[in-house]
Amino acid sequence: MKLRILGVVVAAAAGLTLTSSGGAGAAGNEALTADLDAILADNALKGADVGLVVRDAGTGEVIYTRQSGRRSQVASNLKLLTTATALDLLGPDHRWKTELVSSGTRSGSTLNGDLVLRGGGDPTMSRLRYQQLADTLKASGVTTVNGALVVDDTKFDAQPYGTGWAWDDEPYSYSAETSALTLSPDAKFSAGTVVVRVKPGAAAGAPAVVTVEPANDHVQIASTATTGGAGIVVEREHGTNVIRVSGSTNVETTRLSTVKDPTGLVSSVFQKALQANGITVTGGVKRAKAPAGAAVLATDTSMKLSELNVPLLKDSNNMLAEVLVKTAGGSFVNGVNQLSTKWAGLGVDPNAVEVFDGSGMSRLDQFSPDDLTSVLVKARTKPWFAAWQASLPVAGVDGTLVNRMRGTPAAGNVKAKTGSLSGVSGLSGYVRTAAGRDLVFSVVQNNVLLFNNPRNIEDRIAVRLASDGAAQPASPQVQSVPQQRRAPAQDRTAVPAKERFDVECSWVGTC
């Protein structure tokens with residue numbers, strides 16, 4: 001395998017090669033072709049670069065194609081490739097382990113030697129589960145560690161961010177650091193973050209009460225927030241663990257903030273768990289690799305990969321996707337290259353694409369709608385397909401499509417992956433027509449103005465496909481939740497004062 005420094009080039013893939021042409025449709029699909037051409041002629045797409053392909057889900061037959069072979073940024077549509085190839089490479093039953101190990105010896109209630117907390121990359125670990133590891137140690141009779149607490153995050157390399165990510169996204173939960181020892185403070189597995197909780201004070205103008213969950217000594221809160229009604233802003237200073245809270249609130253408000261060095265956060269949380277159990281560590285804390293052959297004292301095992309794909313795909317969780325990459329190879333580069341060995345089996349030629357991460361956040365990723373539909377077609381032949389497809393957002397029902405295409409033939413029908421970055425929007429997935437034909441489709445828009453609501457274009461396409469074969473096909477016009485230039489106040493992440501669009505749609509609440 002030839003490796004680029006950042007990208008990946010491997011042997012050519014087998015499978016159908018598609019060609020692109022403007023407004024091309026197969027014989028017998030003239031009405032569908034005309035309607036899709038009309039949607040793509042919308043003035044909102046003036047100056048944009050749009051690719052669309054529709055194929056039969058079973059045979060791969062091309063029904064419609066417009067610039068579908070052109071590579072572009074596909075944002076979170078790339079998670080289709082990441083999760084599918086991870087299922088092939090790691091297996092749907094793959095689990096992550098977090099362990100307490102030691103090469104020391106026991107003398108009554110004393111462990112003579114270092115106690116090692118060894119991370120396996122589980123992004124779903126919580127304060128409670130770290131507490132349970134400490135509980136297990138206490139239940140074994142250990143009350144003193146005559147040595148150091150060693151934290152071992154060497155399962156993954158030290159590069160915290162993917163190549164091509166935006167530096168100014170660092171404070172926000174969709175762009176956290178990836179570490180083999182991490183922590184999720186919420187039910188959506190926002191790995192590498194903490195919850196910042198802001199409560200109003202006793203009277204108007206009084207300082208707000210700010211706390212962090214889980215409690216830790218790793219981050220520092222610098223708050224000027226007061227009691228009032230203007231709104232709260234939470235933003236971590238670049239390159240530090242100082243989280244600044246400003247503004248005002250009359251109601252309890254929560255925000256997520258990333259942390260610098262998730263391993264340090266875990267170390268602080270686990271030390272508190274040991275202390276809560278009355279376990280004394282005499283030798284302080286250090287970072288190192290666990291010694292070979294160390295005895296396992298306690299183990300926490302994650303959910304299966306097939307189960308992890310549900311929050312990953314439905315909520316478009318970037319950090320879960322990056323864990324898959326590093327699990328595959330220990331680093332972003334090695335992980336992508338390991339995953340790429342499975343691309344040929346999904347109809348993707350590794351010589352014809354550029355992939356730098358698992359989530360699609362990298363501005364260097366280059367993929368095409370043809371490639372995305374190849375993944376969708378080939379996935380149907382895999383033993384893990386049913387669970388994987390069930391992990392996709394469903395139009396008008398759940399995930400990042402919960403507010404889209406309601407009350408249309410696409411609702412409850414379209415199962416597809418969304419994607420959104422500044423200037424980029426896409427939708428790729430499965431749809432059953434009114435005539436009962438199963439299709440796959442991918443529409444990817446680059447150089448779009450997001451206030452023109454490119455998701456409306458995607459929804460019109462999906463509704464038209466769902467309506468195909470009906471006596472009176474539904475109008476391609478469809479009502480979607482309006483695109484917003486800023487995230488609403490109840491969103492899961494703080495949004496800086498500037499207008500920002502380079503966020504995954506699961507975090508902005510307008511999917």
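Buried here means under 20% relative accessible area, a cut-off that the following legends, all drawn from a predicted model, rely on.

**View 1. An aromatic pair between tyrosine 161 and tryptophan 165.** By the cut-off just given, tyrosine 161 is buried, and tryptophan 165 is buried as well. The structure holds six aromatic pairs, and in this one the rings of tyrosine 161 and tryptophan 165 lie 6.2 Å apart, centre to centre, with 55° between their planes, an arrangement classed as tilted.

**View 2. Aromatic residues in and around helix 9, with phenylalanine 385 paired to tryptophan 388.** The aromatic pair of phenylalanine 385 and tryptophan 388 is tilted, with 6.4 Å from centre to centre and 45° between the planes. Because these two residues are three apart in helix 9 (residues 385-390), about one helical turn separates phenylalanine 385 from tryptophan 388. Phenylalanine 385 and tryptophan 388 are both buried, and together with Trp384 and Tyr430 they make up one aromatic cluster.

**View 3. Helix 4, residues 262-276, a mostly covered helix.** Over its 15 residues, helix 4 reaches 21 Å from the first C-alpha to the last, which is close to the 21 Å expected at 1.5 Å a residue. Eleven of the 15 residues of helix 4 are buried, among them Leu265, Val266, Val269, Phe270 and Leu274, and the buried set also includes Thr263, Ser267 and Ser268. Just after helix 4, glycine 278 adopts a positive phi of about 70°.

**View 4. The second largest cavity and the residues that line it.** A search of the whole structure finds six cavities of 30 Å³ or more, and the second largest has a volume of about 60 Å³. Its lining is divided into seven nonpolar residues, three polar residues and one charged residue, and includes Leu78, Leu81, Val325, Trp343 and Asp357. Helix 2 (79-90) and helix 7 (332-340) each supply at least two residues of this lining, with helix 2 giving the most, three residues.

**View 5. A salt bridge between arginine 437 and glutamate 61.** The count of salt bridges in the structure comes to 23, and in this one the side chains of arginine 437 and glutamate 61 meet at 3.0 Å, N to O. The pair links distant parts of the chain, 376 residues apart, with arginine 437 in the loop between strand 23 (424-432) and strand 24 (438-446), and glutamate 61 in the loop between strand 4 (49-56) and strand 5 (62-66). Arginine 437 is partly exposed, at a relative accessible area of 30%, and glutamate 61 is also partly exposed, at 36%.

**View 6. A salt bridge between two strands, formed by glutamate 99 and arginine 118.** The closest N and O atoms of glutamate 99 and arginine 118 are 2.7 Å apart. Glutamate 99 belongs to strand 6 (residues 97-102) and arginine 118 to strand 9 (residues 115-118), so that the pair links parts of the chain 19 residues apart. Glutamate 99 counts as buried because its relative accessibility is 13%, whereas arginine 118, at 24%, counts as partly exposed.

**View 7. A salt bridge between arginine 197 and glutamate 252.** Here the closest N and O atoms are 2.5 Å apart. Arginine 197 lies in strand 12 (residues 193-199) and glutamate 252 in the loop between strand 17 (242-249) and strand 18 (253-258), so the pair ties together parts that are 55 residues apart in sequence. Glutamate 252 is partly exposed, with a relative accessible area of 44%. Elsewhere, Asp35, Arg464 and Asp468 are joined into one network by salt bridges that share partners.

Technical notes
Residues are numbered from 1 along each chain as its sequence is written. This is a predicted model: local features need pLDDT of at least 70, side-chain atom pairs count only at pLDDT 80 or more; totals for chains, interfaces and linings use all residues. Side-chain values use heavy atoms; hydrogens and water are left out. Helices (H or I, at least four residues) and strands (E, at least two) are DSSP runs, numbered from the N terminus. The expected span of a helix is 1.5 Å times one less than its number of residues. Buried means under 20% relative accessible area, exposed over 50%, partly exposed in between (1.4 Å probe, protein chains only). On a 1 Å grid over the protein atoms alone, a cavity is a set of points where a 1.4 Å probe fits but cannot get out, and a pocket is an open set with protein on both sides within 12 Å along at least five of seven lines; lining residues have an atom within 4 Å of a point. Grid points are joined across faces, edges and corners, and a volume is the space filled by probe spheres set on the points. Ala, Val, Leu, Ile, Met, Phe, Trp, Tyr, Cys and Pro count as nonpolar, Asp, Glu, Lys and Arg as charged, and the others, Gly among them, as polar. Rings of Phe, Tyr and Trp (its six-membered ring) pair if their centres lie within 6.5 Å; planes under 30 degrees apart count as stacked, over 60 as edge-to-face and the rest as tilted. A salt bridge is a side-chain nitrogen of Lys or Arg within 4 Å of a carboxyl oxygen of Asp or Glu.
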